[in-house]
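Me: I'd like to go through the empty spaces in this protein with you. Could you take my questions one at a time?

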Amino acid sequence: MPTKKSKTPTSVVYLPAPAHHRRANQTTHPMNIGIIGAGHIGSALAVRLTDLGHQVYIANSRGPETLQDVEQKTGAKAVTAEEAAQHGTDLVVVTIPLKNIPDLPKDLLASVPKETPIIDTSNYYPMLRDGQIPELETGSLTESEWVQQHLGRPVVKVFNNIYAHHIVEKGQPAGTPGRISLPVASDDAAAKQKVMQLVDELGFDAVDAGTLHQSWRQQPGTPAYGADLPADKLRENLQSLGTERTEEQHKEFKANHARTEQAMEAQGIKLK
């Protein structure tokens with residue numbers, strides 16, 4: 001998600017996580033995790049996941065030789081996208097600009113075990129970055145349904161509605177009053193459950209946000225986007241929106257997001 005001033009979640013951060021995060025949420029089952037995309041969200045996740053004892057492999061589109069700084073500051077191992085997928089036997093995170101999803105190798109996830117969750121963090125920015133994607137303009141597909149079609153694997157939608165630096169800075173032990181919650185949506189119940197456990201380990205309450213078709217409720221322009229809501233408020237918000245997006249809701253949230261993009265453009269904010 002971009003800068004906090006822009007009301008869109010993303011900010012580049014490589015700072016180590018606070019020590020209490022590591023102590024309170026330290027994993028007892030280290031995982032092999034591949035992250036495809038070394039931007040704001042990918043780098044923030046790399047910091048936290050390595051802090052928690054996981055082996056993280058991170059890739060971008062330009063090759064591992066361009067990721068020496070990221071490798072040093074996050075603790076992740078820089079690899080190619082293919083290697084990130086191959087090594088991510090427990091979890092793969094796809095966190096690249098939406099417009100670049102179709103450019104990924106068609107067989108990128110072919111060697112990834114079927115039970116391995118594939119996380120999608122994408123957001124649609126038609127004005128500032130992605131251009132218009134017809135299925136997303138009409139609302140016939142949610143962002144992650146579109147991604148799922150291109151990847152050919154079930155995906156889990158999460159980490160798209162939180163500022164990147166909040167992933168590093170805002171995690172809290174379970175039971176902390178006001179703990180930030182994250183919506184998690186997927187058609188794969190088992191993968192969703194695994195990801196919800198990881199969200200908790202990272203220091204956030206995981207809220208079941210339904211199917212991928214219902215993930216429009218956490219996309220840009222909606223009330224939950226960038227709001228850092230506690231679990232009870234997030235559940236209340238999701239319930240208030242219903243499950244099937246109406247034409248009126250699509251128009252309203254699309255207009256909200258367009259205004260945000262216009263404000264970002266006026267501020268000179270650039271998206272990668």
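What follows is a short set of questions and answers on cavities and a pocket in this predicted model.

Me: How many cavities of 30 Å³ or more does the structure hold?
Reply: Happy to start there. A cavity counts here if its volume is 30 Å³ or more, and by that cut-off the structure holds 2.

Me: What is the volume of the largest cavity?
Reply: Let's begin with its walls. The lining includes Ile101, Leu104, Leu108 and Leu109, along with His150 and Leu151. By class, that lining has 7 nonpolar, 1 polar and 1 charged residues. The volume of the largest cavity is about 80 Å³.

Me: Which helix gives the largest share of the lining of the second largest cavity?
Reply: This cavity encloses about 40 Å³. Its lining is made up of Met31, Asp90, Leu91, Pro117, Lys194, Val195 and Leu198. Lys194, Val195 and Leu198 fall within residues 189–201, and the largest share, 3 residues, comes from helix α9.

Me: How many charged residues are in the lining of the second largest cavity?
Reply: Asp90 and Lys194 are both in that lining. The division by class is 5 nonpolar, no polar and, for charged residues, 2.

Me: Which helix gives the most to the lining of the second largest pocket?
Reply: The second largest pocket has a volume of about 340 Å³. Of its 20 lining residues, the closest to the centre are Tyr124, Leu136, His250, Lys254 and His257. Helices α5 (126–130), α6 (134–138) and α11 (247–266) each supply at least two lining residues. With 7 residues, the helix that gives the most is α11.

Note on methods:
Residues numbered from 1 in each chain as written. Predicted model: local features only at pLDDT ≥ 70, side-chain atom pairs only at ≥ 80, totals over all residues. Heavy atoms only, no water. 1 Å grid on protein atoms, 1.4 Å probe; cavity = no way out; pocket = protein on both sides within 12 Å on 5 of 7 lines; lining within 4 Å. Points joined across faces, edges and corners; volume = space filled by probe spheres on them. Nonpolar A, V, L, I, M, F, W, Y, C, P; charged D, E, K, R; others polar. Helix = DSSP H or I, 4+ residues; strand = E, 2+ residues; numbered from the N terminus.
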